[in-house]
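This report covers selected residues and helices of one structure. The sequence and the model come first, and the text follows.

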Amino acid sequence: VRRILHNFPNTECCCVVVACSIKECKRRQNDRERKVPDEVIDRMARQFEVPYYNEGWHVIHICNNGPKQNIDKEHERLMQTEHDNPHHTTGSIGLHCSKVLAELSAALETSTILAGYHKLLREAALRHDIGKRKTKTFTNNKGEVTEIAHYYGHEGLGAYLWLSGDKDGEFTDFEFLLIGLLIQLHMKPYSFPNRSREEWDAWCAKMGYGDYVAEWVWMIHEADKSGH
């Protein structure tokens with residue numbers, strides 16, 4: 001998208017994300033002649049990427065078209081969903097999210113980040129694994145049944161759940177979008193060979209993300225590690 005949009009420097013490029021709950025997306029299939037299978041909708045939701053200004057957009061609108069995802073209710077369900085994964089020792093997914101929130105809040109006490117953004121960061125920390133319950137599987141990417149749970153694509157699904165959620169009225173449009181981006185990116189630092197801050201900053205610079213995105217995702221990443 002970035003490469004295409006940069007070919008039109010004198011054109012205002014507007015992105016509209018039309019979001020509603022995944023359950024509603026599937027329900028609407030019943031009214032169409034050409035139906036997309038439920039498993040395709042689920043796969044696309046796991047692959048969802050939040051559009052952002054580094055792609056070249058001048059304006060990004062989130063349009064909630066239909067029933068919204070109840071974010072607090074999903075968090076309540078996470079409190080009852082065990083991780084079943086040796087990388088997490090805090091019990092349920094919800095408890096892990098709460099611990100990450102506590103770790104992030106402690107880091108914010110000594111940070112130079114403006115207080116006005118603390119609510120945004122705390123929300124992203126609390127919701128960073130919101131996509132895990134719906135992606136939990138005991139089958140690995142080779143199709144083998146395992147004793148531990150896997151959560152493939154939970155960050156993409158989590159970002160979509162957030163953008164189709166009912167918290168938009170609690171944040172500005174920019175903050176709401178940015179929280180979705182932080183949820184989507186929170187796993188990315190784990191993908192680098194050395195998992196170092198230098199690698200992360202270099203990747204963010206290459207992708208055109210601002211320094212604040214690099215800093216804030218890294219803070220959530222560090223809190224996430226401590227919350228395991």
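A residue is called buried under 20% relative accessible area, exposed over 50% and partly exposed in between, with a 1.4 Å probe and protein chains only. The model is predicted, so local features need pLDDT of at least 70 and side-chain atom pairs count only at pLDDT 80 or more, while totals for chains, interfaces and linings use all residues. Residues are numbered from 1 along each chain as its sequence is written, and side-chain values use heavy atoms, with hydrogens and water left out.

**Confidence**

pLDDT is the predictor's confidence in each residue, from 0 to 100. For the protein chain the mean pLDDT is 93, and 99% of the residues reach 70 or more. Helices here are DSSP runs (H or I, at least four residues), numbered from the N terminus; strands are E runs of at least two. Confidence is lowest in helix 1 (residues 2-5), with a mean of 70, and highest in helix 6, at 98. Where pLDDT is low, the predicted coordinates should not be read in detail.

**I130 and E74**

I130 lies in the loop between helix 6 (118-127) and helix 7 (132-135). Its relative accessibility is 1%, so I130 counts as buried. Contact means heavy atoms within 4.5 Å. Leaving aside residues up to four places away in sequence, I130 touches I71, E74, L78, G158 and L161. Y160 is 30 residues from I130 in sequence, and the C-alpha atoms of the two are 9.9 Å apart.

E74, one of the contacts of I130, belongs to helix 4 (residues 71-79). With a relative accessibility of 0%, E74 counts as buried. Under the same sequence exclusion, of residues up to four places away, E74 touches Q69, I130, R133 and K134.

G158 and L161, also touched by I130, are among the buried residues of helix 8. Helix 8 (residues 154-163) is mostly covered, with 9 of its 10 residues buried. Those residues are H154, G156, L157, G158, A159, Y160, L161, W162 and L163.

**Helix 10 and helix 11**

How do helix 10 and helix 11 lie to each other? Axes are lines fitted to C-alpha atoms, for helices over the stretch in contact, and angles run from 0 to 180 degrees between N-to-C directions. The axes of helix 10 (residues 197-207) and helix 11 (residues 211-226) come within 9 Å and cross at roughly 140°. Angles under 35 degrees count as roughly parallel, over 145 as roughly antiparallel, 65 to 115 as roughly perpendicular and the rest as oblique. Helix 10 and helix 11 are therefore oblique to each other. The contact involves R197, W200, D201 and C204 from helix 10, and A214, E215, V217 and W218 from helix 11.

**Partly exposed residues**

D84, R195 and H228 are listed below with their places and relative accessibilities.

| Residue | Place | Relative accessibility |
|---|---|---|
| D84 | loop between helix 4 and helix 5 (93-108) | 37%, partly exposed |
| R195 | loop between helix 9 (173-185) and helix 10 | 47%, partly exposed |
| H228 | segment after helix 11 | 23%, partly exposed |

Phi of D84 is near 50°, a positive value in a residue other than glycine. For R195, phi is near 50° and likewise positive in a residue other than glycine. H228 touches H87, H88, T89, T90, H96 and Y190, not counting residues up to four places away in sequence. Between H228 and V18 there are 34 Å in space, C-alpha to C-alpha, and the two are 210 residues apart in sequence.
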